[in-house]
Amino acid sequence: MSEPTNIREGKMVDLSLKKPAASAAHPDAVESGGPPGPGGRRGRSAPELAALLIVLVALIIFFWIKSPFFMTKDNILNVLTAIAVTGIIAVPGTMLLIAGQVDLSVGSGAAFCGVMMATTAQSQAIIVGVLVAVGMGILIGLVNGILVTVFRVNALIATLGMLAVLRGLTEVRANGGTVTLANFSGLGTARPFLSIPVPVLLLIGIVIIAVLVMRYTVFGRSLYATGSNPVAARLVGVRGSKMIVLAFVASGLGVALSGLILDSQLSAASPNAATGLELTVVTAIVLGGASLAGGRGTIQGTVVGLLIIGVLNNGLTLLNVNSFYQQVASGALLIIAVSFDQLRLRLAKA
Amino acid sequence: MPSSTPEPVPAFTLRARGIRKSFGGTEVLHSVDVDIVGGRVLALLGENGAGKSTLVRVVAGAHAPDRGTLEFPKPDGDVETVTGLDPLAARKRGIRMIFQELSDAADLTVAENISLGHWPARAGIVSWRGMRHRAQQVLSSMGVDLDLGAAVGELRIGERQVVEIARALSDEATCLILDEPTAALSAEEVERLFGFVRRLRDRGVALVYITHRLDEVAAIADDVVVLRDGAVSASGPAREFQRSQLVTAMVGREIGAVARPPASAGEPGPVVLAFRRATSLRGFADLDLTVRAGEIVCLYGKVGSGTAEVADAVFGRRQLSGGTLKIQDLPPARNPRAAIDHGVGYLAADRQGEGALMTRTVAENLAAPSWPRLSRFGLINADQERRPFDRWRSALDIRAAGGPEQLLASLSGGNQQKVLLARWLERGSKLLALVEPTRGVDVGARADIYAALRELAGTGTAILVATSDYEEVVQLADRAVVLARGRVTRELQGDEITTEALTDAAGG
């Protein structure tokens with residue numbers, strides 16, 4: 001398999017002849033030398049995570065003061081439930097971004113898997129519907145991954161195309177209407193442990209597994225390596241392409257699971273479900289410190305990013321802020337997050 | 001070639017006084033003084049990390065100094081003193097910098113590149129005729145003939161550099177800073193570059209020439225400033241310095257001159273690498289080459305002569321179109337991963353682009369090829385991963401103050417290269433194919449790397465070095481094979497390996 005390119009680079013680095021101009025102008029990290037970032041055992045991630053946590057705590061304190069309902073157990077569970085679907089997609093999405101890739105097809109993928117499940121379950125057993133949805137998630141991931149690694153289509157474009165394809169297929173399959181679904185509310189609404197809803201428990205489990213995977217497996221390390229420098233990674237024997245396909249499949253699985261949760265929460269599958277979810281997912285990941293240039297980022301950071309988004313949306317709702325303004329806020333948050341990413345890259349070089 | 005009398009440029013003098021600059025709490029320039037004068041070539045010397053680039057970036061307006069002043073004496077005797085320049089102010093004073101890495105627009109034509117950023121335009125409408133005219137004028141004043149309509153990306157690297165210099169000149173440069181301009185040039189191109197530099201100097205342009213290569217100082221410099229650890233350790237007219245004095249000023253200790261290593265004690269072992277009548281399209285042709293265990297064979301040739309392609313074939317990055325290649329009696333690997341499993345290690349010429357994982361830690365960079373061995377069922381033990389670093393840190397004198405968790409990007413070039421070399425030592429590679437292993441590596445680290453390679457050869461590793469640096473060949477090779485245009489022109493053994501013999505054989 002040939003090596004995929006990072007989103008940002010567009011072209012493979014070819015024998016230093018086509019270095020982007022920026023690399024020529026940057027003040028040469030070698031010359032300025034200097035010690036690594038303060039303290040952080042894992043490079044620079046620790047202080048950044050601390051800064052994010054401060055933002056999160058500040059938001060919590062603000063809404064706590066402003067609204068008496070904010071710090072109640074029910075509302076906290078509301079926030080967590082609201083971010084669960086996003087989070088189950090954002091965690092594998094972080095793995096992808098670390099490898100220098102991105103999946104924009106997640107929102108329409110979740111709707112597609114949800115509708116596939118619900119329509120199948122009309123004539124078959126529930127479990128068959130679930131398996132169909134999971135199979136579709138894996139298939140979507142495989143197709144995305146192969147497009148990016150074998151056909152070397154830029155991930156933004158490949159998954160943007162997939163976004164449209166899947167949304168269309170979903171409408172076709174659902175005949176443009178909502179498909180109702182009975183006897184499937186457990187996944188989305190049951191509260192088996194400390195009255196915490198299942199989706200939140202699932203998210204917690206997935207986060208723990210992903211943190212360990214990124215830190216302690218060859219798979220995780222290979223994603224970091226290939227995102228950091230795809231050519232260099234290949235030259236030390238890292239199977240970058242295979243790992244990227246696997247990460248896309250992980251993203252597809254997250255998408256399928258999210259689609260099932262949405263079905264279960266609504267007891268119906270809507271072809272318009274999860275529209276624009278990719279925006280929230282990418283916002284959370286980038287806010288959490290993963291770099292669009294690849295090679296940097298942590299699952300922990302994404303979790304904090306998710307919490308910031310969740311708290312902000314919930315708090316604004318409690319304060320009766322018009323939901324249109326909430327949309328403005330989340331768009332602005334994405335732009336701010338990317339600006340910070342760029343600033344961080346520049347500071348890292350100075 | 002036009003030989004008209006050079007047209008003088010306005011007088012330029014810049015006196016930098018007491019320049020200090022810190023990054024992230026570390027001071028990299030400690031009160032540096034330097035004079036840059038029109039009509040003279042100032043060679044700026046120093047190891048990586050000595051502060052050369054930071055200093056010239058202060059002069060070129062890319063960095064603001066924390067302390068110190070830049071003084072511009074005026075013809076009427078007054079002195080204009082500023083505490084720093086921004087890029088625009090530096091441009092207005094005629095200061096131009098040519099970066100080590102090309103900063104041209106590869107997809108645009110030669111003519112467009114020469115006018116890049118200062119297009120001949122009226123009311124915002126660019127005149128293409130004016131652009132071609134200007135390009136023609138400046139190129140012919142340099143005595144160069146290039147196709148103005150060719151995309152710059154299709155030119156050879158030396159020609160692209162010429163285009164960058166032409167851009168600076170057509171933009172009325174009175175002070176031109178060249179950052180290691182010869183790193184990627186062939187001997188011929190270096191000579192031509194020296195020609196430009198001399199001609200510019202005669203026109204009154206002030207030149208600052210950053211280099212690692214001491215022979216270039218003797219060839220081109222009028223004045224020398226040596227930086228060490230962010231302070232000036234020597235300065236004065238170039239002719240007052242011996243080569244050895246410059247080396248001492250750079251590294252702070254004596255380093256032997258270019259000397260042949262003592263002949264290897266033992267007989268070389270069995271053949272590890274054998275090319276037979278091997279051909280690779282647009283690379284090399286009819287190559288016969290063997291490397292034995294315990295032997296260092298240097299493949300010398302100008303950039304583009306095919307040496308790097310031979311190393312690439314050994315590492316499975318390039319396939320043969322004819323002939324055979326055997327590595328330990330096995331056919332060549334189809335990809336780098338298979339080559340690694342065959343026991344081949346490799347360093348690419350472009351360290352940043354193809355070797356380093358800059359955003360990852362030193363320990364991770366070092367351990368990456370050994371992950372299969374350091375992991376069980378795909379799980380990596382973090383403590384185990386740090387151990388390889390501890391193992392090679394002292395053996396190679398890798399200077400990483402932050403330890404195994406320090407980011408690779410924060411190491412100096414020489415130390416980065418040591419880490420990348422250590423990868424293959426840790427992997428236990430039996431054959432190393434190294435392309436330009438000390439490019440951009442300072443003198444001290446270079447000596448460490450040579451010593452490590454010697455020692456490795458002593459323990460039976462077969463080493464193939466593809467290089468365009470003849471001093472490297474003289475210092476390192478048991479045998480040298482010279483390539484020109486993809487074909488072997490000469491094989492040299494032992495004492496036959498001299499700089500004269502090498503450059504002579506590579507010339508054709």
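**Helices of a predicted two-chain model**

Trainee: Is the crossing in which H4(A) passes H14(A) left-handed or right-handed?
Mentor: Keep in mind that this is a predicted model. The helices in question are H4 (residues 73–98) and H14 (residues 299–318) of chain A, which pack against each other with their axes 9 Å apart. The crossing in which H4(A) passes H14(A) is right-handed.

Trainee: How are H4(A) and H14(A) oriented to each other?
Mentor: Two packed helices are described by the angle between their axes and the distance between the axes. For H4(A) and H14(A) the angle is about 140°, and angles count as roughly antiparallel only when over 145 degrees. The two helices H4(A) and H14(A) are therefore oblique.

Trainee: Which residues of H14(A) are met by those of H4(A)?
Mentor: On the side of H4(A), the residues taking part include Asn75(A), Ala82(A), Gly87(A) and Thr94(A). Their counterparts in H14(A) are Ile299(A), Thr302(A), Leu306(A), Leu307(A), Ile309(A), Gly310(A), Val311(A), Asn313(A) and Asn314(A).

Trainee: How wide an arc do the buried residues of H7(A) cover around the axis?
Mentor: The buried residues of H7(A), which runs over residues 155–174, are Ala155(A), Ala158(A), Thr159(A), Met162(A), Leu166(A), Arg167(A), Thr170(A) and Ala174(A). They lie on the same side of H7(A), because the arc that they cover around the axis is only 165°.

Trainee: Which residues are exposed on the other side of H7(A)?
Mentor: The buried residues of H7(A) pack against helix H5 (106–123), helix H6 (126–149), strand S1 (179–180) and strand S2 (268–269) of chain A. On the other side of H7(A), the exposed residues are Ala164(A) and Val172(A).

Trainee: How many of the 14 residues of H5(B) are buried?
Mentor: Buried residues of H5(B) include Gly158(B), Arg160(B), Glu164(B), Arg167(B) and Ser170(B). What covers the buried residues of H5(B) includes strand S6 (95–98), helix H3 (110–114), helix H4 (128–141), strand S9 (175–179) and helix H6 (187–202) of chain B. H5(B) is largely enclosed by the rest of the structure, because the number of its 14 residues that are buried is 12.

Trainee: What distance separates the end C-alpha atoms of H5(B)?
Mentor: H5(B) covers residues 157–170 of chain B, and at 1.5 Å a residue its 14 residues should span 20 Å. The model agrees with this expectation, as the end C-alpha atoms of H5(B) are separated by 20 Å.

Trainee: Which residue follows H5(B), and what is its phi?
Mentor: H7(A) is followed by Asn175(A), with a positive phi near 55°. H5(B) is followed by Glu172(B), whose phi is positive, near 55°.

Methods
Residues numbered from 1 in each chain as written. Chains lettered and ligands numbered in written order. Predicted model: local features only at pLDDT ≥ 70, side-chain atom pairs only at ≥ 80, totals over all residues. Helix = DSSP H or I, 4+ residues; strand = E, 2+ residues; numbered from the N terminus. Expected span 1.5 Å × (residues − 1). Buried ≥ 20, exposed ≤ 12 C-beta atoms within 10 Å, placed from the backbone. Arc of directions from axis to C-beta. Contact = placed C-beta atoms within 7 Å. Axes fitted to C-alpha atoms, helices over the stretch in contact; angles between N-to-C directions. Parallel < 35°, antiparallel > 145°, perpendicular 65-115°, else oblique. Left-handed = near helix turned anticlockwise from the far one by under 90°.
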